[in-house]
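Work through the exercises below with the sequence and the model open. Each task is followed by a solution in steps.

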Amino acid sequence: MRITELLRKQAIDLNVSAASKSEVIDYMTKLMERAGNLNDREAYKKGVLAREEEGTTGIGEGIAIPHSRGSAVKRAGLAAIVVKDGVDYESLDDEPVYLAFMIAAPEGGGNVHLEALARLSTMLMDEDFKNSLIKAASPEQFLQLIDNKENELDGIAVEKKREAAETTYRVLAITACPTGIAHTFMAAESLDKKGKELGIPVKVETQGADGAKNVLTAEDIKAAECIIIAADKNVDLARFHGKPVIITKVADGIHKAQELIERAVSGQVPVYHHDGSAAVSQDAGESESIGRKIYKNLMNGVSHMLPFVIGGGILIALAFLFDDYSLNPANFGKNTPLAAYLKTIGEYSFGMMLPVLSGYIAMSIADRPGLAVGFVAGLAAKAGSTFANPAGGDVNAGFLGALFAGFAAGYIILLLKKLTSKLPQSLNSIRPMIIYPVVGILTGAVVTTLVNPFMGMINDGLTGVLNSMNGSSKVLLGLVVAGMQSVDMGGPVNKTSYVFATSQLAEGNFEIMAAVMAGGMIPPLAIALCTTFFKNRFTQGERESGLVNYLLGLSFISEGAIPFAASDPLRVLPSCIAGSAVAGGLSMLFGCTLRAPHGGIFVLPTIGNPFAYAAAILIGSVAGCLILAVLKKPLKENEQDR
């Protein structure tokens with residue numbers, strides 16, 4: 001709704017004298033009543049004053065916009081005054097107010113007050129426009145100035161929409177990482193920014209933790225010259241059939257944006273065919289390696305598994321926090337109603353870990369038909385079996401069994417697709433409806449059941465070795481798994497360490513998860529400390545970024561250190577690896593445990609031996625900071641100001 005539709009001449013006064021904020025509000029409510037906008041002036045005034053108690057509506061720069069919404073308002077409206085000598089309105093900048101607009105919105109009137117507030121705020125950002133209103137000679141001129149400004153803004157908005165509609169994106173991109181947090185959006189920002197620098201329009205779809213954003217449309221795809229897939233998990237490529245496609249790591253989207261965009265418009269990128277008849281171009285123009293395919297399939301399973309593990313793990317940890325051990329030590333975690341409920345829900349979520357892992361690995365390999373087969377095979381791995389186990393009892397195939405089940409299920413579906421590819425066209429519909437689910441699920445379950453005993457032997461052996469570790473061997477394990485967190489900060493080495501730790505949660509080895517999370521928190525924390533206490537080693541921009549790393553580090557988001565590592569890897573990476581290793585080793589030495597696979601310092605109360613754990617993180621962060629300070633030389637004064 002336009003401002004001029006809400007503001008009437010009788011609600012405007014351009015020559016007001018007021019000694020206080022309360023006088024301004026009282027006078028403006030009278031103007032609002034005079035314009036016929038109110039049912040009850042006193043009730044409306046109470047609403048305005050109540051809003052002021054929440055925080056002043058004196059927005060600064062000589063402007064105030066008091067407002068209220070409720071049944072005291074008959075119809076949406078505005079009032080406006082110019083205070084000739086200014087008034088103390090308790091504004092955010094402590095400056096006098098010269099121009100005030102009051103907004104009245106009726107109950108059930110939608111967001112008219114918010115829309116008017118947003119529109120007014122946008123208009124009043126123009127200093128010349130604001131001053132022209134203050135100097136207006138009459139209410140008619142006041143309204144005409146607003147009308148002209150609204151026409152100008154409407155014209156700009158239309159032009160922007162037209163430009164957006166007419167923009168043909170030469171290059172499209174999708175960015176995605178296993179966790180869908182940092183790398184996804186850093187790669188998107190890098191590609192978008194580099195595209196603008198090169199004068200090549202780029203549109204990026206982000207497939208993050210909260211779903212796909214800025215989704216590529218059919219029109220976008222049709223008009224684009226090439227599509228870049230910068231992802232470390234499986235991305236559905238069916239919609240890009242017949243288009244040139246580059247597939248590469250999400251890290252390349254961050255560090256090699258210009259190279260990717262220039263390659264995309266070179267005309268040398270092979271065309272992707274969804275039936276697999278042509279290879280998809282890789283970073284060096286070659287087809288995807290077997291190792292990378294396996295990694296991507298695994299990461300697709302891991303990325304879908306993590307929410308179940310994190311949510312379930314934290315709920316289980318909270319159950320122990322809120323329980324009373326003295327009531328029944330053997331039933332600890334379910335002694336009180338609240339603890340029992342939290343632990344039960346957490347176990348439901350945590351229990352989904354292995355089937356979800358298997359299901360989405362299979363789906364990554366064989367598309368949608370693999371999902372059901374993978375889920376059931378994962379359940380078979382989770383349940384175990386007495387088959388081929390003379391000693392009797394369940395076989396603990398565990399995480400390794402679920403991994404095998406996922407890959408087996410995916411390749412079983414690919415085999416079925418090939419075996420049934422010669423069926424008559426009239427029978428094609430029975431493939432996805434009957435053959436894939438029935439034959440696939442049965443075969444996947446049978447294969448998993450047969451392999452379970454062998455996976456169980458490996459899993460039990462690994463668990464036994466880990467449980468038997470003590471003293472120096474346990475500390476050494478902590479040094480290694482925590483140090484791996486800083487090698488590539490969110491990349492394959494980092495994820496290998498993390499997946500190993502989460503797999504051990506299901507086996508009851510909680511110390512490894514504690515060491516890994518401590519290691520992952522160190523890189524951003526070490527850099528944050530170094531930018532704070534050794535400022536002369538960093539530019540102004542780096543020092544500002546360093547402050548954000550405090551929050552990222554405490555939240556267990558290692559990726560905050562990536563920009564620093566990318567610009568100076570020979571100094572930053574060794575410092576972070578050393579600091580992480582120290583923290584992980586100390587965590588193991590102190591016997592710290594962690595049942596929640598994420599959360600950083602915010603789940604500290606749920607950690608076994610929390611004060612020692614906090615000390616391990618602090619010591620590791622300081623160690624990394626000091627090593628980095630020694631390795632980095634002080635900058636010249638002119639370099640520090642950049």
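**Exercise 1.** Is Val 73 buried or exposed?

Solution. This is a predicted model in which local features need pLDDT of at least 70, side-chain atom pairs count only at pLDDT 80 or more, and totals for chains, interfaces and linings use all residues. Residues are numbered from 1 along each chain as its sequence is written, and side-chain values use heavy atoms, with hydrogens and water left out.

Step 1. Apply the classes: buried means under 20% relative accessible area, exposed over 50%, and partly exposed in between (1.4 Å probe, protein chains only). Val 73 has a relative accessible area of 5%, so Val 73 is buried.

Step 2. Place the residue. Val 73 sits in the loop between strand 4 (67–70) and strand 5; helices (H or I, at least four residues) and strands (E, at least two) are DSSP runs, numbered from the N terminus.

Step 3. Look for a partner remote in sequence. Ala 105 is 32 residues from Val 73 along the chain, and their C-alpha atoms are 6.2 Å apart.

**Exercise 2.** Find the element that holds Glu 150 and the backbone atom that its side chain reaches.

Solution. Step 1. Glu 150 belongs to helix 6 (residues 139–166).

Step 2. With a relative accessible area of 0%, Glu 150 is buried.

Step 3. The backbone nitrogen of Ile 3 lies 2.7 Å from the side chain of Glu 150. This is a polar contact (a pair of N or O atoms within 3.5 Å; within protein, one must be able to donate a hydrogen and the other to accept it, and residues adjacent in sequence count only if both atoms are side-chain atoms).

**Exercise 3.** How many salt bridges does a search of the whole structure find? Describe three of the pairs and one network.

Solution. Step 1. Side chains of opposite charge can pair when their charged atoms come close. A salt bridge is a side-chain nitrogen of Lys or Arg within 4 Å of a carboxyl oxygen of Asp or Glu. The search returns 20 salt bridges.

Step 2. Lys 130 pairs with Glu 127, with 3.3 Å between the closest N and O atoms. The two are 3 residues apart in helix 5 (residues 127–134), so about one helical turn separates Lys 130 from Glu 127. Lys 130 is buried at 6% relative accessibility, whereas Glu 127 is partly exposed at 39%.

Step 3. Lys 256 and Asp 252 form a salt bridge at 4.0 Å, N to O. Lys 256 is partly exposed at 31% relative accessibility, and Asp 252 is buried at 4%.

Step 4. Lys 334 and Glu 347 form a salt bridge at 3.3 Å, N to O. Lys 334 lies in the loop between helix 11 (290–321) and helix 12 (337–351), and Glu 347 lies in helix 12, so the pair ties together parts that are 13 residues apart in sequence. Lys 334 is partly exposed, with a relative accessible area of 31%; for Glu 347 the value is 31% and the class partly exposed.

Step 5. A network of salt bridges links Asp 26, Lys 30, Glu 33, Arg 41, Glu 42 and Lys 45.

**Exercise 4.** Which residues form the nonpolar patch that has about 380 Å² of accessible area together?

Solution. Step 1. Patches are made of residues with over 30% relative accessible area and no salt bridge; like charges are joined within 9 Å, nonpolar side chains (Val, Leu, Ile, Met, Phe, Trp, Tyr) within 5 Å. Accessible areas come from the Shrake-Rupley method with a 1.4 Å probe; for residues, only the protein chains shown count as cover.

Step 2. The patch on the surface consists of Met 433, Ile 434, Val 438 and Val 439.

Step 3. Val 438 is in helix 16 (residues 430–468) and is exposed at 52% relative accessibility.

**Exercise 5.** Locate Asn 214 and Asn 609, and state the sign of phi in each.

Solution. Step 1. Asn 214 is not a glycine, yet its phi is positive, at about 55 degrees. Asn 214 occupies the loop between strand 9 (211–213) and helix 8 (218–223) and is partly exposed at 47%.

Step 2. Asn 609 also has a positive phi, near 65 degrees, in a residue other than glycine. Asn 609 falls in the loop between helix 22 (569–589) and helix 23 (610–631), and is partly exposed with a relative accessible area of 37%.
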